[in-house]
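These are my notebook entries on one protein chain and its ligand. I record what I looked up, topic by topic.

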Amino acid sequence: MWEWGSLLEGGVLIFFITLLLSYGAAGLKWLRLSPALRKGYRKLPKGSLGWPLVGETLALQHCLMSTAPHSFVNDRRRRYGDLFLTHLFGSPLLASTDPEMNRFILTKEEPLFTASLPKTLSMVVGQNALLMLTGDRHKRMRRLLMSMFSPEVLRHHTDRIQQLAVSVLKSWKGRKVIVADEAREYTYNVALSSIMNVGRKDKAEVFRAKFLELRSGARALPIDLPGTAFRTALQARKCLAQMVEEEINERKRTKEVRYDDLLEKLIEAPEADGGEPLRNEEIVDLILSSMLAGFDTSANTLLFLVYYIGQNPQVLHDLKMEHQEILREKATNEPLTYADYKKMRLSQLTINETMRIANPILSLHRRTLQDVEFDGRTFPANCTVQVWLRSLHTDPNLYPNPYNFDLDRWKGKTPNGNNFIPFGMGPRRCVGIELARMELCFFIHCLVTMYRGWEPAEEDKPRYFPEPGMRKGLPIYVHDP
Ligand code: HEM
């Protein structure tokens, strides 16, 4: 009797402790949510908020640094479904991994969603960066940028881009090359020449040094203290802004000189679209943010292109055939044209496959402007929503053997628009796609026609944190033709 009584008491105690712990955990979870997510608590998808303060950021970092870089999302998707709650980079958010849901989030801007970047990032990229703008201002600025990076304009820039590729590649002969450094050199030069063609060499060197400080700060922790990368970036920004403003004033004085770059388009915006002239600070932000948007993304893709082509001799062979065929139809030393670019089909597939495996952008962010319903799921108003790109592109249901570099998966097929979105989709789809693809194709052309091939100078491996890259930057030696 006594034994039964104490067993019963013990059971009741355990029941109450369990109740207390689970309600305590739920209560704690509730407290750690943002006010927006608290309001919609009952309808929130499953997920975990991880540890206090850091949330699941360390778990994500751990996965990205492991041999299974996409396991963070894949594990949660298995456990909680294709929309889950998590806590990353300082705030709770909802993460989407479903292609249809991604499309919905990225294509339905106002009144449902809006772009969302951390406030501290706006201090680096500027409040007038395209990714910060919304509504009609976003539409107008986007149109102006698109007019510079459209195929119609880029067709006049082919020989300039080719020259930049040749001048980088010429220096590769007979020395150990760190491809990551060279890729950054090339993509920086291409971006600068299309965005703000700084003529004077001394000015260009200061601009470059300050731009690299800006870019390091954009990726650093936003700690505004003396000596931090973030503070250095803010100081670099002031200097860059002054240089762009000087360039604007000089160009306004010498109207007859043509530059054929984005800065010229922005200064002449009223002539182009009949709208108000842009303020200097708007032009500064658009110039600097476009340079930032197109720099690491293109450089990392180029680095992985050289890596994957080097790993796949058959692909190198087939690319050589494609580009020699293009050369055969041209006179000696005749520059590449837009029509040649359009013939580089295998090169485009190689770029697709490279971006699929080593997508330079991990995820895209939006914020809900009101309660949003999609397929029975609710996104409460004012919550951050994340669309995962890399996990989408390595989903085995969409891409069998996702980590195999396999061009056959693209041949003769049009990619499903929802399943392959390295440049995003909807009203914020990348404005630099055509420039990025053209500079990558032209680099492949010059690389495979100027050299027989290349071999690793040291063993190297991909890494995925803090961004995709190669651990040693991919050291190689090229072979003469
Ligand atoms: C391989 C290279 C590139 C990749 C993978 C890439 C990817 C992307 C993605 C995914 C977005 C959408 C962002 C979002 O929806 O939140 C985007 C937007 C943007 N990209 Fe790119 N990009 C590349 C190259 C470039 C280049 C070369 C430029 C310019 C010279 C550029 C300029 C921009 C700008 C200005 C936006 C903002 C568009 C808007 O908000 O309307 N990108 N890019």
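Entry 1, the ligand shell. I looked up which residues surround the ligand in this predicted model. The shell holds 24 residues, of which Gly 294, Thr 297, Gly 424, Cys 430 and Gly 432 come nearest. I then sorted the shell by class and noted 15 nonpolar, seven polar and two charged residues. Which helices contribute at least two residues each? I found α7 (135–149), α15 (280–311) and α20 to do so. The largest share belongs to α15, with six residues of the shell.

Entry 2, Cys 430. I turned to this residue since the record also mentions Cys 430: the unreviewed UniProt entry lists Cys 430 under "binding site". I located Cys 430 in the loop that lies between α19 (390–393) and α20 (433–450). Is Cys 430 buried or exposed? I noted 18 C-beta neighbours inside 10 Å, so the residue counts as partly exposed; the buried class would need 20 or more. Leaving aside residues up to four places away in sequence, I recorded that Cys 430 touches Phe 423 and Gly 424. Gly 424 is itself among the residues that come nearest to the ligand.

Entry 3, strand β8. I examined β8, which covers residues 384–388, and found five of its five residues buried. I checked which way the residues point: Thr 384, Gln 386 and Trp 388 point one way, while Val 385 and Val 387 point the other way, and all are buried. Which strands pair with β8, and in what sense? I recorded β2 (residues 91–96) as a parallel partner, joined by three bridges. I recorded β5 (residues 363–368) as an antiparallel partner, joined by five bridges. Gln 386 appears in both pairings: this residue is the bridge partner of Ala 95 and also of His 365.

Entry 4, a three-stranded sheet. I traced an open sheet with the order β4-β12-β9 and antiparallel pairing. I noted β4 (177–178) and β9 (453–456) at the edges; each has a single partner strand, so one side of each is left without a neighbour in the sheet. Between β4 and β12 (residues 475–479) I found two bridges, in the antiparallel sense. Between β9 and β12 I found four bridges, also antiparallel. Where do the two pairings meet on β12? I looked up Ile 476 and found Val 177 opposite this residue; Ile 476 is also the bridge partner of Pro 456.

Entry 5, the whole chain. I closed with the overall description of the protein chain. Its secondary structure comes to 20 helices and 12 strands. I compared the radius of gyration with the value for a compact globule: for 481 residues that value would be near 23 Å, and the chain has 25 Å, which agrees. Along the principal axes, the C-alpha trace spans about 105 × 55 × 45 Å. How much of the chain is buried? I noted 37% of the 481 residues. Lastly, I looked at contacts between residues at least 6 apart in sequence, and 73% of these join residues at least 24 apart.

How values were computed
Residues are numbered from 1 along each chain as its sequence is written. This is a predicted model: local features need pLDDT of at least 70, side-chain atom pairs count only at pLDDT 80 or more; totals for chains, interfaces and linings use all residues. Two strands pair if DSSP finds at least two bridges between them. UniProt positions are given in the numbering used here, feature names are shortened, and annotations may be inferred rather than shown by experiment. A residue is buried if 20 or more other C-beta atoms lie within 10 Å of its own, exposed if 12 or fewer, and partly exposed in between; C-beta atoms are placed from the backbone. Two residues are in contact if their C-beta atoms, placed from the backbone, lie within 7 Å. A residue is near a molecule or strand if its C-beta atom, placed from the backbone, lies within 6 Å of it. Ala, Val, Leu, Ile, Met, Phe, Trp, Tyr, Cys and Pro count as nonpolar, Asp, Glu, Lys and Arg as charged, and the others, Gly among them, as polar. The radius of gyration is taken over C-alpha atoms; the globule rule is 2.2 Å times the number of residues to the power 0.38.
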